[in-house]
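The following exercises concern cavities, strand pairing and salt bridges. Each task is followed by a worked solution.

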Amino acid sequence: MAEITSTVDREFESQSFDKEQLAGQLFTNCQFTNCTFRASYLEEAVIERSMFSDCNITDIRLSGSTLKSCTFIRCNLTNARLSGAILSNCPLIECNLRGAQISSAQISGADFSFCDLYGQDLDGVKLKGSRFV
């Protein structure tokens, strides 16, 4: 079994996390700028008060993860797997969510302003207090 680690108060710029095994990890108050997370595994992770700006997060696996007060700005989340994830108070501004799997996700207080949600089937997704512009 992988060791659970915590990453707190860190800034990452132009770093690759591609295909990293980060399942169950805890990230708190981190900032990710121009980072890549292509095909990374973050199932059951907890990410709190963190910001992702201009990141490539395609094919990431966040199933069963909890994201609280995280901000995503101009991120590419194409084909991201968010099934069963919990997103609370997470603005996603100008993000690409084409092909993202968000079935059975619980999303509250999210802001999907100017996001590309083309082709999304939101049946079964709990969207309490979320905003779409």
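**Exercise 1. The second largest cavity**

Which residues line the second largest cavity?

Solution. The model is a predicted one, in which local features need pLDDT of at least 70 and side-chain atom pairs count only at pLDDT 80 or more, while totals for chains, interfaces and linings use all residues. Residues are numbered from 1 along each chain as its sequence is written, and side-chain values use heavy atoms, with hydrogens and water left out.

Step 1. A cavity is a set of points, on a 1 Å grid over the protein atoms alone, where a 1.4 Å probe fits but cannot get out; lining residues have an atom within 4 Å of a point. The volume is the space filled by probe spheres set on the points, which are joined across faces, edges and corners.

Step 2. The lining of the second largest cavity consists of Leu82, Leu87, Leu92, Leu97, Ile102, Ala105, Ile107 and Phe112.

Step 3. Its volume is about 70 Å³. The lining comprises eight nonpolar residues, with no polar and no charged ones. Here Ala, Val, Leu, Ile, Met, Phe, Trp, Tyr, Cys and Pro count as nonpolar, Asp, Glu, Lys and Arg as charged, and the others, Gly among them, as polar.

**Exercise 2. The largest cavity**

State how much space the largest cavity holds and characterise its lining.

Solution. Step 1. Three cavities reach 30 Å³ or more, and the largest encloses about 80 Å³.

Step 2. Among the residues lining the largest cavity are Phe27, Phe32, Leu42, Ile57 and Phe72. The lining divides into 11 nonpolar, no polar and no charged residues.

**Exercise 3. The open sheet**

Determine the strand order of the open sheet and identify its edge strands.

Solution. Step 1. Strands are DSSP runs (E, at least two residues), numbered from the N terminus; two of them pair if DSSP finds at least two bridges between them.

Step 2. Five strands form an open sheet in the order S2-S4-S6-S8-S10, and the pairing is parallel. S2 and S10 are the edge strands, each pairing on one side only.

Step 3. S8 and S10 run parallel and are joined by two bridges. Isoleucine 73 is placed opposite isoleucine 93 of S10.

**Exercise 4. Salt bridges**

How many salt bridges are there, and which parts of the chain does the pair of aspartate 18 and arginine 38 tie together?

Solution. Step 1. The criterion is a side-chain nitrogen of Lys or Arg within 4 Å of a carboxyl oxygen of Asp or Glu. This rule yields three salt bridges.

Step 2. In the salt bridge of aspartate 18 with arginine 38, the closest N and O atoms are 2.8 Å apart. Aspartate 18 belongs to the loop between strands S2 and S3, and arginine 38 to the loop between S4 and S5, so the pair ties together parts 20 residues apart in sequence.

Step 3. Arginine 74 and aspartate 54 form another salt bridge, with closest N and O atoms 2.8 Å apart. This pair links the loop between S8 and S9 with the loop between S6 and S7, 20 residues apart.

Step 4. Arginine 98 and aspartate 116 meet at 2.6 Å, N to O. The loop between S10 and S11 holds arginine 98, and the loop between S11 and S12 holds aspartate 116, so this pair ties together parts 18 residues apart in sequence.

Step 5. Partly exposed denotes a relative accessible area between the buried limit (under 20%) and the exposed limit (over 50%), with a 1.4 Å probe and protein chains only. Aspartate 18 is partly exposed at 23%, as is arginine 74 at 42%.

Conventions. Helices (H or I, at least four residues) and strands (E, at least two) are DSSP runs, numbered from the N terminus. On a 1 Å grid over the protein atoms alone, a cavity is a set of points where a 1.4 Å probe fits but cannot get out, and a pocket is an open set with protein on both sides within 12 Å along at least five of seven lines; lining residues have an atom within 4 Å of a point.
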